[in-house]
Amino acid sequence: MVEKIIAVPAEHEKNVFGQFDQFVKKIERSLNVTVISRDGTTKVLGSEASVNLALGIISNLMELSRRGNTITEQNVNYAISLSYENKESSLVEMDNDCICHTINGKPIKPKTLGQKQYVDAIRKKMIVFGIGPAGTGKTYLAMAMAITAFKNDEVSRIIMTRPAIEAGEKLGFLPGDLQSKVDPYLRPLYDALYQIMGPESFQKNMEKGLIEVAPLAYMRGRTLDNAFIILDEAQNTTPAQMKMFLTRIGFGSKVIITGDQTQKDLPFDAQSGLDVAVKVLHKVDDIRFCKLTSQDVVRHPLVQKIVNAYEDYEARQADKDAKAQSARRAERRQKYRSEI
């Protein structure tokens, strides 16, 4: 057993250690170390490898705190997972990449390596597919990149669209005119715009036609030049809709397509346009597919556990179905031989 010391200034101690030392306790449990803090000095005891990992995590969390960040459980969980891959420094590197600020001055930054790769791909490629489970920041980061490009005059307008697919509730029974009926389906896009741009700026640009939020059906027949275009919930498109959308793209435009392949609201026997696009376009230059995973979930930690639980369940079901199908084939072969 070895013992090493790290200085944690009093002004950062509560932020780094968490309320009631919950973050330190998580580090202790995960790495099998003991952390003792007194008078601004922190001792870490355990095996040399574990102590070094713990010191690296605490050091990186302290650097985030120095930069004005409020340390969250997600930060700690991700720092621990990165430490197993010897990538602790990536946490601080990601903090250097500020996309923009919300109307309240809060910086928007990638919080995981998957998100960082996604943001870098958006900067470099003309078309980017962001594919992954709920809570991975696919739409929000795309929105932040779109607003930044718009403010920097890299594009002249922002167009956001999603298929107005019925997810159990019938569209025709919603009150109001057509726009009122589709607005609930587009609400997540409005929410992100309000948060980043502010309602006044958003409304002003909407009235000028510089920002457009519309159902996917409204895209047919158009050519979209010099625009930042976001297609959200792409798993609910049909192959024909996806092809129609991708062929709308004009000169000077950038396109982000986001979706979760595990949350389709299409009829049971319908094929998803997102699934087809992944197969058809994976070798096309200037198109990048970014696969985000449960490790990139930045919502409440419980969301990550839910995603993992569903992934495990679906893997078991797929394995069970494969075995059942194999057994049926074997039974048919046996029956065929007996008949001969």
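Helices here are DSSP runs of at least four residues, numbered from the N terminus. With that in hand, we can start at helix H1, residues 10-17, in what is a predicted model. Just after H1, glycine 18 takes a positive phi of about 85°. Within the helix itself, His12, Asn15, Val16 and Phe17 are buried. What lies over them? The cover for the buried residues of H1 includes helix H2 (22-31), S2, S3 and helix H3 (48-66).

Two of those covering elements lead us to a sheet. S2 and strand S3 (residues 41-46) are antiparallel partners, joined over 5 bridges. If you would like a landmark in this pairing, look for threonine 34, which stands opposite leucine 45 in S3. The whole sheet is open and has 3 strands in the order S1-S3-S2, with antiparallel pairing. Strand S1 (2-7) and strand S2 (34-38) each have a single partner strand, so one side of each is left without a neighbour in the sheet. From one strand to the next, the twist averages 20°.

Now let us move along to the other sheet. This one is open too, with 6 strands in the order S8-S7-S9-S10-S6-S11 and parallel pairing. Its edges are formed by S8 and strand S11 (287-291), each of which pairs on one side only. Here the twist averages 15° from one strand to the next. Inside this arrangement, S9 and S10 pair in the parallel sense over 4 bridges, and leucine 231 stands opposite isoleucine 257 in S10.

Helices pack against these strands. H7 lies across strand S6 (127-131), S7, S9 and S10, and runs at about 170° to S9. Helix H10 (residues 239-246) also packs on the sheet, where it touches S6, S7, S9 and S10. The direction of H10 makes about 160° with that of S10.

S10 is worth a pause for one of its residues. Threonine 258 sits in strand S10 (residues 254-259). Is threonine 258 buried or exposed? Its relative accessibility is 0%, so threonine 258 counts as buried. The side chain of threonine 258 also makes a polar contact, at 2.7 Å, with the side chain of aspartate 232. Setting aside neighbours within four places in sequence, the residues in contact with threonine 258 include Tyr118, Gly130, Lys138 and Thr139, and also Leu231 and Asp232.

Finally, we come to the nonpolar interior. In soluble globular proteins, nonpolar side chains tend to be buried together. The largest nonpolar core of this model has 34 residues, and of these Met143, Met160, Leu193 and Phe228 touch the most other members. At least two residues of this core come from each of helix H6 (113-124), helix H7 (138-151), strand S7 (157-162), helix H8 (178-197), strand S8 (211-215) and strand S9 (227-231). Which element gives the most to this core? That is H7, with 9 residues. For a view from one member, take methionine 143: beyond its neighbours within four places in sequence, methionine 143 is in contact with Met160, Leu189, Ala192, Leu193, Ile196 and Ile230. Apart from this core lies another, of 28 residues, among them Val24, Met62, Val76 and Ala79.

Definitions and conventions. Residues are numbered from 1 along each chain as its sequence is written. This is a predicted model: local features need pLDDT of at least 70, side-chain atom pairs count only at pLDDT 80 or more; totals for chains, interfaces and linings use all residues. Side-chain values use heavy atoms; hydrogens and water are left out. Two strands pair if DSSP finds at least two bridges between them. Axes are lines fitted to C-alpha atoms, for helices over the stretch in contact, and angles run from 0 to 180 degrees between N-to-C directions. Buried means under 20% relative accessible area, exposed over 50%, partly exposed in between (1.4 Å probe, protein chains only). A polar contact is a pair of N or O atoms within 3.5 Å; within protein, one must be able to donate a hydrogen and the other to accept it, and residues adjacent in sequence count only if both atoms are side-chain atoms. Contact means heavy atoms within 4.5 Å. A nonpolar core is a set of buried Ala, Val, Leu, Ile, Met, Phe, Trp, Tyr and Cys residues joined through side-chain atoms within 4.5 Å.
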